[in-house]
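Visitor: I am new to this structure. Please take me through one part of it closely, and then show me what surrounds that part.

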Amino acid sequence: MDSKYLLAMLLCCVLLQLKPSLGAQQKLELKYHNGVLLKGRYTVDILWYGSFTPIQRSIIVDFINSLSFPSGAQSPTVASWWQTTEKYKGGGTTTLAVGKQIMEPYSLGKHLSEKQLYDLASRIKDLSAISLVLTAKDVAVDGFCSGRCGTHKSISGMTPYVWVGNSETQCPGQCAWPFHKPISGPQTPPLVAPNGDVGVDGMIINIATLLAGTVTNPFNGGYYQGPSTAPLEAVSACTGIFGSGAYPGYPGKTLVDRATGASYNAQGSHGRKFFLPAMWDPQTFQCKTLV
């Protein structure tokens, strides 16, 4: 269940010549494979691997806590983005909130394998939680920057876990676009990151993508298109679309903070602003944007 940003970006570049025909969204269908979805209340337990500043941690914690709870922020909100998950099979809400947090300062070194990610996620022993392993900008992970920015899988087919890496110094053109120029395709000026941190604001995009994939396709039996080994899921099926009018190389309409010039399309707790990708809407069969 790797997120396929590099592949999708390359595809977008190939399709650039088709830009005029992409003005209106085409019908997109993700097949439901008759498996369970995650519905109900779940905590997101975070394992911070490597060095994260208190500000970086607070940005990510605020984002996750903004998914399911009213923040008092003006519309559009992070919670309104997450509400699209309620439209998936059977309805019902999936409520997420940050649970325990574990600080893990490079105990396994600065190059991790897939098995080591699994082992780190397994340290969080809570069946009602989603384990979220986040690796710092100086931590290399097998496959990172080679077509994926994160993964979501499961522990023993029972407990879902997510891994996302900070791409600030490794591959921002792949995993932090549109806050950095892409590695290929149209070299339009990057947007200003809403929280002033290209790596962490890029992580937010990938965390959002993979949490949505986790709750709508936790164990390979939910909603996705294509092979189960490389599925296009709720958000990854809409890669490259952030606002209305998006086309390859252009993320679409954004809101702009007058004070900082930063782009955003959702507001959350503690006055935070975020830039979130489109999510597939099973009622309209299109990628739904907030602006």
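In which hand of crossing does H2 pass H6?

Guide: The crossing is right-handed: that is how H2 passes H6. Keep in mind that this is a predicted model.

Start with the helix pair itself. Two packed helices are described by the angle between their axes and the distance between the axes. Here H2 and H6 pack at about 30 degrees. Their axes are 10 Å apart. Angles under 35 degrees count as roughly parallel, so H2 and H6 are roughly parallel to each other.

Now look at the residues that make the contact. From H2 come Gln56, Ile59, Ile60 and Phe63. From H6 come Val200, Met203, Ile204, Ile207 and Ala208.

Two of those H2 residues turn up again in the largest nonpolar core, where Ile60 and Phe63 are among the residues with the most contacts. That core has 66 residues. Ile46, Trp81, Leu134 and Leu276 are also listed among its most-connected members. Helix H6, residues 198-216, gives the most to this core, with 9 residues. In soluble globular proteins, nonpolar side chains tend to be buried together.

Apart from this core lies another one, of 6 residues. Among them are Trp177, Phe179, Ala193 and Phe242.

Stay with H6 for a moment and find aspartate 201, which is placed in that helix. Buried means under 20% relative accessible area. At 2% relative accessibility, aspartate 201 counts as buried. Leaving aside its neighbours within four places in sequence, aspartate 201 is in contact with Phe179, Ala193, Pro194, Asn195 and Gly196. Phe179 and Ala193 belong to the 6-residue core. Aspartate 201 also offers a way to compare sequence with space. Aspartate 201 and phenylalanine 52 are 149 residues apart in sequence. From C-alpha to C-alpha, they are 13 Å apart in space.

Next, turn to the sheet. Five strands form an open sheet in the order E3-E2-E5-E8-E7, with mixed pairing. Strand E3 (94-104) and strand E7 (150-155) stand at the edges. Each has a single partner strand, so one side of each is left without a neighbour in the sheet. From one strand to the next, the twist averages 20 degrees.

Helix H2, residues 54-66, packs on this sheet and touches E2, E3 and E5. The direction of H2 makes about 160 degrees with that of E3. Helix H4, residues 114-122, packs on the sheet as well. H4 touches E2, E3, E5, E7 and strand E8 (159-165). The direction of H4 makes about 60 degrees with that of E7.

Strand E2 deserves a closer look. E2 runs parallel to E3, and 9 bridges join the two. Strand E2 (residues 40-49) also pairs with strand E5 (residues 129-135), in the parallel sense, over 7 bridges. Some facing residues can be picked out. Tyrosine 49 stands opposite glutamate 104 in E3. Isoleucine 46 stands opposite leucine 132 in E5. Tryptophan 48 stands opposite leucine 134, also in E5. Of the 10 residues of E2, 7 are buried, so E2 is largely enclosed by the rest of the structure.

Isoleucine 46 shows what those surroundings look like. Leaving aside neighbours within four places in sequence, isoleucine 46 is in contact with Val61, Ile64, Val98, Lys100, Gln101, Ile102, Ile124, Leu132 and Leu134.

Finish with the loops. Most residues other than glycine have a negative phi, and most peptide bonds are trans. Some places here depart from that. The peptide bond from serine 75 to proline 76 is cis, with omega near 0 degrees. Proline 76 lies in the loop between H2 and helix H3 (78-82). The bond from tryptophan 177 to proline 178 is also cis, with omega near 15 degrees. Proline 178 sits in the loop between helix H5 (172-175) and H6.

Then come the positive phi values. Histidine 270 has a positive phi of about 55 degrees, although it is not a glycine. Histidine 270 lies in the loop between strand E12 (266-267) and strand E13 (273-274). Its relative accessible area is 71%, so histidine 270 is exposed. Phenylalanine 285, not a glycine either, has a positive phi of about 60 degrees. Phenylalanine 285 is in the loop between strand E14 (279-281) and strand E15 (286-288). With a relative accessible area of 26%, phenylalanine 285 is partly exposed.

Definitions and conventions
Residues numbered from 1 in each chain as written. Predicted model: local features only at pLDDT ≥ 70, side-chain atom pairs only at ≥ 80, totals over all residues. Heavy atoms only, no water. Pairing = 2+ DSSP bridges. Helix = DSSP H or I, 4+ residues; strand = E, 2+ residues; numbered from the N terminus. Axes fitted to C-alpha atoms, helices over the stretch in contact; angles between N-to-C directions. Contact = heavy atoms within 4.5 Å. Core = buried A, V, L, I, M, F, W, Y, C linked by side-chain atoms within 4.5 Å. Buried < 20%, exposed > 50% of the residue type's maximum accessible area, 1.4 Å probe, protein only. Parallel < 35°, antiparallel > 145°, perpendicular 65-115°, else oblique. Left-handed = near helix turned anticlockwise from the far one by under 90°.
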